[in-house]
Each structure stands twice: as structure tokens, then as C-alpha cells.
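Let's go through this one together, feature by feature. Ask whatever you like, and each time we'll take the general idea before the case at hand.

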Amino acid sequence: MTASFFDGSYGGDNAKIGPATRLECKICWHVYDPAEGDDYWQVPPGTSFAELPPHWSCPNCDGSRKDFMVIKDD
């Protein structure tokens with residue numbers, strides 16, 4: 001694997017994301033979109049990924065939030 005492979009990794013670094021950044025679970029490909037929030041964890045729309053509660057995990061597979069990948073807008 002190359003360094004560019006890890007460029008999209010969130011890894012818990014809030015400096016890599018903005019308030020509207022969407023992220024994707026690397027295990028099940030679930031997308032967290034701040035515009036939609038998260039019904040499973042009762043996170044209201046408009047909540048950025050950085051503002052998610054510490055106990056938040058992927059609602060589909062329970063993957064860790066640090067294992068999400070940043071989706072770059074084209």
C-alpha cells in the first residue's frame with residue numbers, strides 16, 4: 001500500500017474534514033452525510049462528523065468512527 005492509499009483516511013483527525021464533509025465506512029461503505037444526520041443514533045441533520053458524540057459508531061456495522069474515509073467532492 002502506498003501513502004496515497006491512506007490520504008483519504010480520517011483516522012480521528014478533525015483537521016482533515018470540514019463541517020459539510022461526508023465520510024464513508026471502510027467496512028460496509030455506509031456514508032455519513034452531515035446534511036442528513038443519523039436516525040439510528042438520533043443525530044440531527046446539520047451535525048458535522050467532528051461533532052458526533054464520542055460513542056458514535058457506524059449504524060450498519062458498528063465500525064469505529066476513526067476508520068471512516070473522507071469522500072472528496074469533485
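Q: How many salt bridges does a search of the whole structure find?
A: Keep in mind that this is a predicted model. As for the general idea, side chains of opposite charge can pair when their charged atoms come close. Here the search turns up 2 salt bridges. One joins the side chains of D67 and K26, at 4.0 Å from N to O. The other joins D67 and K66, at 3.6 Å from N to O. Put them together and K26, K66 and D67 are linked in a network.

Q: Where do D67 and K26 lie, and how far apart in sequence are they?
A: D67 belongs to the loop between β2 and β3, while K26 belongs to the loop between β1 and β2, so their pairing ties together parts that are 41 residues apart in sequence.

Q: Are the residues of this network buried, partly exposed or exposed?
A: D67 has a relative accessible area of 21%, so it counts as partly exposed. K26 is partly exposed too, at 45%, and so is K66, at 47%.

Q: Let's go inside. Which residues make up the largest nonpolar core?
A: The general idea is that in soluble globular proteins, nonpolar side chains tend to be buried together. In this model the largest nonpolar core has 12 residues: Y10, I17, L23, C25, Y32, V43, F49, L52, W56, C58, F68 and V70. Strands β1 (23-25) and β3 each supply at least two residues of this core.

Q: How many aromatic pairs are there, and what does one look like?
A: The way to read a pair is to check how far apart the ring centres are and then the angle between the planes; over 60 degrees counts as edge-to-face. The count here is 7 aromatic pairs. Take Y32 and W56: their ring centres are 5.7 Å apart and their planes are at 70°, so this pair is edge-to-face. Y32 sits in strand β2 (residues 31-32) and W56 in the loop between β2 and β3 (68-70), so the pair ties together parts that are 24 residues apart in sequence. Y32 is buried, with a relative accessible area of 0%, and W56 is buried as well, at 2%.

Q: Which aromatic residues form a cluster?
A: Y10, Y32, F49, W56 and F68 form one aromatic cluster. F49 is a good residue to click on. Leaving aside neighbours within four places in sequence, F49 is in contact with Y10, I17, L23, Y32, P34, W56, R65 and F68.

Q: What is R65 doing over the face of F49, in terms of distance?
A: R65 lies over the face of the F49 ring, at 5.5 Å from the ring centre.

Q: What does S57 touch, not counting residues up to four places away in sequence?
A: With those left out, S57 touches W41, D62 and G63. S57 is in the loop between β2 and β3, and at 7% relative accessibility it counts as buried. Look at the polar atoms next: the side chains of S57 and D62 are joined by a polar contact of 2.5 Å. The backbone of S57 takes part as well, with its oxygen 2.8 Å from a polar atom of the W41 side chain.

Q: And W41, where is it found, and which residues does it touch?
A: W41 is found in the loop between β2 and β3. At 26% relative accessibility, W41 counts as partly exposed. Again not counting residues up to four places away in sequence, W41 touches H55, W56, S57 and P59. For W41 and P59, which are 18 residues apart along the chain, the C-alpha atoms are separated by 7.3 Å.

Q: Which residues have a positive phi without being glycine?
A: As background, most residues other than glycine have a negative phi. Among those that go the other way here are W29, with phi near 70°, and D62, with phi of about 70°. W29 lies in the loop between β1 and β2 and counts as exposed, at 55% relative accessibility. D62, which we met as the side-chain partner of S57, is in the loop between β2 and β3. At 56% relative accessibility, D62 counts as exposed.

Definitions and conventions: Residues numbered from 1 in each chain as written. Predicted model: local features only at pLDDT ≥ 70, side-chain atom pairs only at ≥ 80, totals over all residues. Heavy atoms only, no water. Phe/Tyr/Trp six-rings, centres within 6.5 Å; stacked < 30°, edge-to-face > 60°. Helix = DSSP H or I, 4+ residues; strand = E, 2+ residues; numbered from the N terminus. Buried < 20%, exposed > 50% of the residue type's maximum accessible area, 1.4 Å probe, protein only. Lys NZ or Arg CZ within 6 Å of the ring centre and 35° of its normal. Polar contact = N/O pair within 3.5 Å; in protein donor to acceptor, adjacent residues only side chain to side chain. Contact = heavy atoms within 4.5 Å. Core = buried A, V, L, I, M, F, W, Y, C linked by side-chain atoms within 4.5 Å.
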